[in-house]
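Student: Before I trust any label in a structural description, I would like to see the value behind it set against the rule. Could we go through this model in that way?

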Amino acid sequence: MARNNAVGRLLIFGLGYTAQALARRLRGEGWHVVGTSRGGRDGTIRFDDPAAVASEIAAATHILSSVPPAEDSDPVLAVYGALLANTPAWRGYLSSTGVYGDAGGAWVDESAPTGTGRRSARAEADSAWLAAGAHVFRLPGIYGPGRSPLDRVVSGSAHRVESPGQVFSRVHVADIVAGMIAGFSAPPGAYNLSDDCPASQNDVIEFAARLLKMPPPPFVLIESLSPMARGFYAENRRVANGKAKRVLGWTPTYPDYRAGLRALSAMTKPPSTSAAPPAASHDQT
């Protein structure tokens, strides 16, 4: 069980996009946050420095791993699993809804079988963290500042694909952070953190283009995509978030992609260059 600190000490294995967002939020609230990296860059500790990592594990009130699986094992559990098993700290793991595989467009929740899709290594890591008593957050497509369909449309890297009936779930990074923090006082287990509105990738890209007042990007053939992208389109599912709402008391601030993209557009829109209105005359009220 995690120590009941209003302000805690968080150790993060792997400072990816989502983990960095959590670190910024908690540091702003007075938490001590330290992360690992391969080379010990930017004030992090080296993953392969066992003494330094062991010291942080012993001091931590909360521990999160965002490190993806490597081949057939989870790197964090493989190296530090014994230490993590003996700490009273809260433990979390960032997983993927890819563990559910293809559902033919049907809804999946945390009771759905895992390990049936293309991400068998991720499913095995997911199961290993659950067996270790962690809070496992299964995440769909993640978007947020600097990483969204808006950025892809502007850069020219966005595209549309003819794939009738294909839907995906997604989630704003701020909602993931809120869900993880809500999980600090919740029982361990798996939690889907997704928005309420699965939608086709084409719908999302077209909406982003409209917000930017740009033409929608062209259609491309699935065969022209990278193997990773083709794998993305090989799976079709809707991710249910009811457990997170019930157990964590969590509700996404951005319940659909429209709300999330509008908020991001408002954040990044350049300031108006129109002239200021003339000064009011003395007879105006």
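Student: What makes β1 and β4 a pair, and in which sense do they run?

Tutor: In this predicted model, β1 and strand β4 (residues 62-65) are joined by four bridges in the parallel sense. Since pairing asks for at least two bridges found by DSSP, four bridges meet the requirement, and the two strands are therefore called a pair. Within this pairing, F13 stands opposite S65 in β4.

Student: How do you know that β1 also pairs with β2?

Tutor: The same kind of reasoning holds, because five bridges join β1 to strand β2 (residues 32-37), set against a minimum of two. These strands run parallel, and L11 is found opposite V34 in β2. The path between them involves a helix, for β1, helix α1 (residues 17-28) and β2 make up a β-α-β unit that is right-handed.

Student: Why is β1 described as mostly covered?

Tutor: Strand β1 spans residues 9-13, and four of its five residues are buried, where buried stands for a relative accessible area under 20%.

Student: What is the order of the strands in the sheet, and why is the sheet called open?

Tutor: Seven strands form the sheet in the order β3-β2-β1-β4-β5-β7-β11, with parallel pairing. The strands at its edges are β3 (45-46) and β11 (189-192), and each has a single partner strand, so one side of each is left without a neighbour in the sheet. At the β11 edge, the partner β7 is joined to β11 by four parallel bridges, and V136 stands opposite A190 in β11.

Student: Which helices pack on this sheet, and at what angles?

Tutor: Among them is α2, which touches β1, β2, β3 and β4 and whose direction makes about 140° with that of β1. Another is α4, which lies across β4, β5, β7 and β11 and runs at about 160° to β5.

Student: How do you know whether E56 is buried or exposed?

Tutor: E56 lies in helix α2 (residues 50-59), and its relative accessibility is 14%. Because 14% falls under the 20% limit, E56 counts as buried. Leaving out residues up to four places away in sequence, E56 touches R9, L11, V34 and I45.

Student: What makes the link between D126 and R138 a salt bridge?

Tutor: The closest N and O atoms of D126 and R138 are 2.8 Å apart, and because the rule allows a distance within 4 Å between such atoms, the pair qualifies as a salt bridge. D126 belongs to helix α4 (residues 120-131) and R138 to strand β7 (residues 135-139), so the pair ties together parts that are twelve residues apart in sequence. Both partners are buried by the 20% limit, D126 at 1% relative accessibility and R138 at 4%.

Student: Why are R160 and E206 given different burial labels, although they form a salt bridge with each other?

Tutor: Their closest N and O atoms lie 3.0 Å apart, within the 4 Å allowed, but each burial label is assigned to one residue. R160, with a relative accessible area of 12%, is buried, whereas E206 has 22% and is partly exposed, because the partly exposed class begins where the 20% limit of the buried class ends. R160 lies in strand β9 (residues 160-161) and E206 in helix α7 (residues 201-211), so this bridge ties together parts that are 46 residues apart in sequence.

Student: How many salt bridges does the rule give in total, and what is the N to O distance for R25 and E29?

Tutor: The count comes to seven, including the bridge between the side chains of R25 and E29, with 2.7 Å from N to O. R25 is partly exposed at 38%, and E29 is likewise partly exposed at 38%, because this value lies between the limits of 20% and 50%.

Student: What makes the link between S37 and T44 a polar contact?

Tutor: The two side chains come to 2.6 Å, and because the limit is 3.5 Å, the distance satisfies the rule. S37, in strand β2, is buried with a relative accessible area of 8%, and its contacts beyond four places in sequence are T44, I45, R46 and F47.

Methods: Residues numbered from 1 in each chain as written. Predicted model: local features only at pLDDT ≥ 70, side-chain atom pairs only at ≥ 80, totals over all residues. Heavy atoms only, no water. Buried < 20%, exposed > 50% of the residue type's maximum accessible area, 1.4 Å probe, protein only. Right-handed = clockwise from strand over helix to strand, strands pointing away. Contact = heavy atoms within 4.5 Å. Axes fitted to C-alpha atoms, helices over the stretch in contact; angles between N-to-C directions. Polar contact = N/O pair within 3.5 Å; in protein donor to acceptor, adjacent residues only side chain to side chain.
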